[in-house]
Amino acid sequence: MCNGKSLKLMTIQYTSFAYTESYCRAVDAVARERKYLGSTEGFSFDATFLFTKTIIDNNLAQYLAIDNNQVVGWCDIIPKSYEGLRHVGVLGMGILPEHREKGLGTLLLQKTIEHARNINHLEKIELDVFESNNSAIALYRKFEFEMEGKRENGRKLDGTYDTILLMRKFI
């Protein structure tokens, strides 16, 4: 039970090619809200497939929340690619609006961090979050992410500025 609602029909599972199209749609839906992701639209199916292939081929940390055979949330931690930075992973996540505030972010983040630490042997996780995204900031603080810096007015969308917070967690 999470917030009084059963999640027993919902599963948290490692990414799979079987969910590429659904994952692609979920990212697009969250991006088009124009509030939470850096992009305002999702990626093409081909780009999403290649991203998923990279994750699977390298056993990287990405978990999906599946409800009725559809992706309703995701979380990934992708290692940086340059020598000297490969011990650091960058976190990305999103949850469809109707599935928020039910504890799903906690389940996804917990599983993904475990994978990044125990399988990918990452030492540090970094993320960017908009200062206006109070729910996400609260979730990250629950997992002991700390502020590392910020980019004042780092985003200007539809005439409105938002500061980008830089957070990190050593694992």
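**A seven-stranded sheet with packed helices**

Seven strands make up an open sheet whose order is S1-S2-S3-S4-S5-S7-S6, and the pairing within this sheet is mixed. Strand S1 (11–14) and strand S6 (146–157) stand at the edges with a single partner strand each, so one side of each is left without a neighbour in the sheet. On average, neighbouring strands of this sheet are turned by 25° against each other, direction ignored. The model described here is a predicted one.

**The S1 edge**
- S1 and strand S2 (residues 61–67) run antiparallel and are joined by four bridges.
- Within this pairing, Thr11 stands opposite Ile66 in S2.

**Helices on the sheet**
- Helix H2 (residues 45–57) packs on the sheet, where it touches S1, S2 and S3, and its direction makes about 60° with that of S3.
- Helix H1 (residues 20–31) lies across S2, strand S3 (70–79) and strand S4 (88–95), and it runs at about 85° to S3.

**Two loop residues with positive phi**
- Most residues other than glycine have a negative phi.
- Arg34, which is found in the loop between H1 and H2, has a phi near 65°, a positive value in a residue other than glycine.
- Arg34 has a relative accessible area of 35%, and because partly exposed covers values between the limits of 20% and 50%, Arg34 counts as partly exposed.
- Glu101, placed in the loop between S4 and helix H3 (104–118), also has a positive phi near 65°.
- The relative accessibility of Glu101 is 58%, so Glu101 counts as exposed, the cut-off for exposed being over 50%.

Notes
Residues numbered from 1 in each chain as written. Predicted model: local features only at pLDDT ≥ 70, side-chain atom pairs only at ≥ 80, totals over all residues. Heavy atoms only, no water. Pairing = 2+ DSSP bridges. Axes fitted to C-alpha atoms, helices over the stretch in contact; angles between N-to-C directions. Contact = heavy atoms within 4.5 Å. Buried < 20%, exposed > 50% of the residue type's maximum accessible area, 1.4 Å probe, protein only.
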